[in-house]
Each structure stands twice: as structure tokens, then as C-alpha cells.
Amino acid sequence: MNDYSKYKRGSEWRKWDLHFHTPSSHDYENKSVTNKEIVDELKSKNISVIAITDHHVIDVARIKDLQSIAGDDITILPGIEFCSELGGSESIHFIGIFPENSDIESIWTIIQGTAELTKQDIEAKGGYENVQCDLIDTCDLIHKLGGLTSVHAGSKTNTVESIKNNILNKMQQKRRILSDSIDILELGKVADEVDYKKIVFKSIGF
């Protein structure tokens, strides 16, 4: 746990990034980036908390190394980003985030087995680009393991908006996801919050 005694005020704005990728993601462009370079860059941007949310993987060794390098300067949360079976051609993406002191090895072992994300599973599906995880079942698993969930929303790509409201069962599905499965809506811009409150929530009776 981090030592928060260094903060002299109880209420203070700090920068968080709860959707952060590293070279452990299969589609990360510059694989030569080091963990120290990542931490140094985060420090230069005055980031206080990040969640490592690589695609379909929790790189336990990397996350522990990042936590060690960051020390008390940055809180680093283990996490993972999933591609779901919902949304058609623009599959909905969602994220699981866990406390910084979690038993990451156990969490990752359980997720791998339950969501079929072992190396053999990935190969059998034809690679990471073809992997899809059941959104509701996986969110239930994340909650069971003590985590929180977030989903792309608003004007971002691969958002929950890919589920259209014009079909009754789709509206019910979206209501179920927003009511029970998702804790955080990850919006692309501030204006999207207004649209969700005035349009989206109203249209699905949420």
C-alpha cells in the first residue's frame, strides 16, 4: 500500500489513467520501450494512478516490476482489457481493474482458465485478433475476484453504443450491462456525459 501521508491536503485533484497499455499488448507498436521509460514518462506527466490494461493479458512480471520502479510515486493497478462478443464489426471493449495489492498470479490464472485466454486457447482461436470474451460472464468474474469494470462509451471507438436501442431485447441487454455489469463508463470527451444523462439513460429506462 502506498504512503499517503505525503499529501498535506485531504482533497486534491490528481491525474489518473485507468486505461494504459504496455508492450505486453499484442498490438503495441514499440516493443523496445522499457518499464523504467514508462514510469519516467508517467512521472513527467504527474500521473498519480494508472491501471495496466493490456489486451487479453495480465503480464504479472511486468506489472510487479513497474510497481517496484514506481515505488510510492505512482500507484499502479493491475488490469486487463477484453474484446467482447457484442457490437458486431465494432466489438465492444471492456476492462477489469484490481487493487494494487492483489494476488495477481491467482487472478490471472483464474481469468485465463475461465475466459479461455491460455496460450493454447489464443492459438486455437487464430491469434489475439480473433479473441472474444462474453461481456456479462467476464464482468461477473472480475467482480467475484474483487475488481471493478469499465467499458468504452460515448464517442470512443468499440463502445457500448454498438448495441442499438431500436430492438427491445438489445435495450434490455444494454440495461442489464449498465445496471449490473459495468462500474465505470469510459467517455471520450466531457460532452458525452451530457448525452448519456439526457439521451442514453432515458432511452433504456436506466
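**Close-up views of the predicted model**

**View 1. Salt bridge within helix H1.** With a relative accessible area of 34%, Asp-40 is partly exposed. In this predicted model, the side chain of Asp-40 forms a salt bridge with Lys-36, and their closest N and O atoms are 2.8 Å apart. Both residues belong to helix H1, where they are four residues apart, about one turn of the helix. An α-helix has 3.6 residues a turn, so residues three or four places apart point the same way.

**View 2. Further salt bridges, from a count of ten.** Glu-12 and Arg-14 are joined by a salt bridge with an N to O distance of 3.8 Å; Glu-12 is partly exposed at 31% relative accessibility, and Arg-14 is partly exposed at 29%. A salt bridge also links Asp-59 to Arg-62, with 3.8 Å between the closest N and O atoms. Here Asp-59 counts as partly exposed, with 26% relative accessibility, whereas Arg-62 counts as buried, with 16%. Elsewhere, Asp-140, Arg-176 and Asp-180 are connected in a network of salt bridges.

**View 3. Helix H2 and the elements packed against its buried residues.** Helix H2 spans residues 60-70, and its buried residues are Val-60, Arg-62, Ile-63, Leu-66 and Ala-70. These buried residues pack against two helices, H1 (35-44) and H3 (104-114), and against two strands, E2 (47-52) and E3 (75-83). Gly-71, just after H2, adopts a positive phi of about 55°.

**View 4. Strand E2 and its parallel partner, strand E1.** Strand E1 (residues 15-20) runs parallel to E2, and four bridges join the two. Among the paired residues, Phe-20 has Ile-52 of E2 as its bridge partner. Strand E2 is largely enclosed by the rest of the structure, because six of its six residues are buried.

**View 5. The largest nonpolar core, seen around Ile-111.** This core contains 46 residues, and those with the most contacts inside it are Ile-58, Phe-82, Trp-108, Ile-111, Leu-117 and Leu-135. Helix H5 (residues 135-144) supplies the largest share of this core, five residues. Apart from this core lies another, of five residues, which include Val-49, Ala-51, Ile-95 and Ile-97. Once residues up to four places away in sequence are set aside, Ile-111 touches Ile-58, Ile-80, Phe-82, Phe-98, Glu-116, Leu-117, Leu-141 and Leu-145.

**View 6. A buried acidic side chain without a salt bridge, Asp-192.** Asp-192 lies in helix H7, which covers residues 191-203. Although Asp-192 is buried, it has no salt bridge, and the nearest side chain of opposite charge, that of Lys-189, is 4.7 Å away, while the cut-off for a salt bridge is 4 Å. Beyond the neighbours within four places in sequence, Asp-192 contacts Gly-154, Ser-155 and Leu-187.

**View 7. Cysteines in a model with zero disulfides.** The sulfur of Cys-83 is too far for a bond with the closest cysteine sulfur, because that atom, in Cys-133, is 8.0 Å away. Cys-83 itself counts as buried, at 14% relative accessibility. Cys-139 is likewise in no disulfide, with the nearest cysteine sulfur, again that of Cys-133, at 10 Å. Cys-139 also counts as buried, with a relative accessibility of 0%.

Definitions and conventions:
Residues numbered from 1 in each chain as written. Predicted model: local features only at pLDDT ≥ 70, side-chain atom pairs only at ≥ 80, totals over all residues. Heavy atoms only, no water. Core = buried A, V, L, I, M, F, W, Y, C linked by side-chain atoms within 4.5 Å. Buried < 20%, exposed > 50% of the residue type's maximum accessible area, 1.4 Å probe, protein only. Contact = heavy atoms within 4.5 Å. Lys, Arg positive; Asp, Glu negative; His and termini not counted. Disulfide = S-S within 2.5 Å. Pairing = 2+ DSSP bridges.
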